[in-house]
Amino acid sequence: MNILKFIESFTDDNTMRSTSSRRDSFSQFGNIGKNLAFASIPFGLSALASKAMAKDITATPATPIGALQFALTLEYLENEFYAMALDHGVIPASENGGRDLKVFQQIADHEADHVKFLIAGLGGTASANFVPKPTFDFTVGGAFDPFNDYPTFLALAQAFEDTGVRAYKGQAANLITTPDLLTAALQIHSVEARHASEVRRLRGLKGWISNAERGAGMPPATQAVYDGEGVTIQAGFNTAAAFGAAAGSEAYDEPLTTQQVVDIANIFIV
Amino acid sequence: MLLTDKNFIMKNEVKIQEVNPILDSRRSFLKLSGLTMVTAGLVLAGCSDNDNDDMQDNSLPGIKNGIFDLGSGDFGVLTYAYALEQLEADFYTKVVNSSNFNTTFNDTEREVLTDLYHHEVVHRDFFKAALTLALPDPGTQLLPSLAFNYGSLNFNSRNEVLATAKALEDTGVAAYNGAGKLIKSADYLLLAGKIVSVEARHASAIRSLINPNSKDFAGDDIVSASTGLDAASNPSKILPIAGGFITTKFTAKYLP
């Protein structure tokens, strides 16, 4: 299952030991986090037994309701991730003069709003269309320590936001028959993109995705979030012709299918 | 001159001879484009009925009563997007070519603005190519290259350039978000979706340059604090804003 490759690739990631200036500021947190992460790997592996019984989510139908249910599950994930991070105090209040905490408080507020909005859109919690919140494990059985190790938190935040952008984009066609729902989904989609751009900057990256690069310091297992982003032919037009492949690919974000996103989300669902 | 200014300077009227599109050439162009055009189907249906000229006229961009109209349906939305991308591309082209670009902006700002210049030029040229392939008669139906006038905007002023960039990017996001529901073809909807999230990434970046230590990247002034939703506006609300910089006269009578 994905989780094996996921843990393996994360713990093998040399970029975790990168000594860029950006990382230096986190060195204290980073070392603690890394030690915790490595020390906890055996527990992570032992947790695989329970992961085999996990209540994985499955792909939602290609309908407007299915798209909303799918979006709600993603928003549950993001909402809980940021709420837990703020609860645990993993975001250093002094980081960048307080910028990081302001940023993630705003993102957390938006994700909470999106959950409420989508539940209402599905007809409320009593509706037959309502889907409950899955049980998340953001440590992936102990392999990660995002709520004690700030760089890990940042890396997962980037992966979730960039996934969110691609996920909503992939649902647009399922909403084409329901104009109001489509508009609302687009209005969430662009907020996810604003988030993604900012989180990437906090990690020292550009706000846009060059080729299919996950970016410095991102665990190899997050590559699934970036595979297919390097497209440079759009409806027959070569976007690389004018300024090269990086610029051409940056100018367009690519969608993920429902199943591709489900596979990513299931890594964090137990 | 700020984008919010309501004074429209519309000088250069576009003069293009209106030509009735030929059914056969339209079919071959559609085949070439490789994309399904729902509105094109409607147009073809309209063309088979000679009494129903209105439908044909409204759907297709082109000169109507002496002024270029963006049209309606998918061609209208794509032409509308092409107009907005022309503006963004022109603006950033002027920004990066301004005489004091290297001293007005720091390294980070120059990197962002140069990337945005690249992205927007690619978007503009993409729409030109896509429309040229898809329109039945691009010679008369492709929106011409527009002319722009930025008034008193000082391209050597960091604050003025960034404030204008912020307005342009936020406007672009709201425009695409509002136009999505007007698109009938899933292929074109996806293409618009691929672009709008990059515009939102831009808006976030420019906002961060202006006010880095803040939540402005997705501030309460643009993202509703109660719903977490970004802006979405119809063309009739966007064009008067963008039109403040566009001197080529055109109309959008058949877009909401």
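In chain B, helices α4(B) and α6(B) meet through a long list of residues. From α4(B) these include B:L78, B:A81, B:Y82, B:E85 and B:Y92. From α6(B) they include B:L113, B:Y117, B:E120, B:R124 and B:F127. Two residues are in contact if their C-beta atoms, placed from the backbone, lie within 7 Å. Helices are DSSP runs of H or I with at least four residues, numbered from the N terminus.

This is a predicted model, in which local features need pLDDT of at least 70 and side-chain atom pairs count only at pLDDT 80 or more, while totals for chains, interfaces and linings use all residues. Residues are numbered from 1 along each chain as its sequence is written, and chains are lettered from A and ligands numbered from 1 in the order in which they are written.

The axes of α4(B) (residues 73–96) and α6(B) (residues 107–134) come within 8 Å and cross at roughly 145 degrees. Axes are lines fitted to C-alpha atoms, for helices over the stretch in contact, and angles run from 0 to 180 degrees between N-to-C directions.

Chain A also touches chain B: 51 residues of chain A are in contact with 46 residues of chain B. Helix α9(A) gives the largest share of the chain A side, 17 residues. The table sets out two contact surfaces by class. Ala, Val, Leu, Ile, Met, Phe, Trp, Tyr, Cys and Pro count as nonpolar, Asp, Glu, Lys and Arg as charged, and the others, Gly among them, as polar.

| Surface | Nonpolar | Polar | Charged |
|---|---|---|---|
| α4(B) with α6(B) | 14 residues | 5 residues | 5 residues |
| Side of chain A that touches chain B | 23 residues | 17 residues | 11 residues |

Helix α9(B) covers residues 186–210. Of its 25 residues, 22 are buried, so the helix is largely enclosed by the rest of the structure. Buried means 20 or more other C-beta atoms within 10 Å of the residue's own, with C-beta atoms placed from the backbone.

The largest nonpolar core has 137 residues. Such a core is a set of buried Ala, Val, Leu, Ile, Met, Phe, Trp, Tyr and Cys residues joined through C-beta atoms within 7 Å. Among those with the most contacts inside it are A:A71, A:A185 and B:L78. Beyond four places in sequence, A:A71 touches A:L118, A:Y168, A:Q171 and A:A185.

A:N174 sits in the loop between α8 and α9 of chain A. It counts as buried because it has 23 C-beta neighbours inside 10 Å. Its contacts, not counting residues up to four places away in sequence, are A:A62, A:T63, A:P64, A:G66 and A:A67.

Note on methods: Helix = DSSP H or I, 4+ residues; strand = E, 2+ residues; numbered from the N terminus. Expected span 1.5 Å × (residues − 1). Buried ≥ 20, exposed ≤ 12 C-beta atoms within 10 Å, placed from the backbone.
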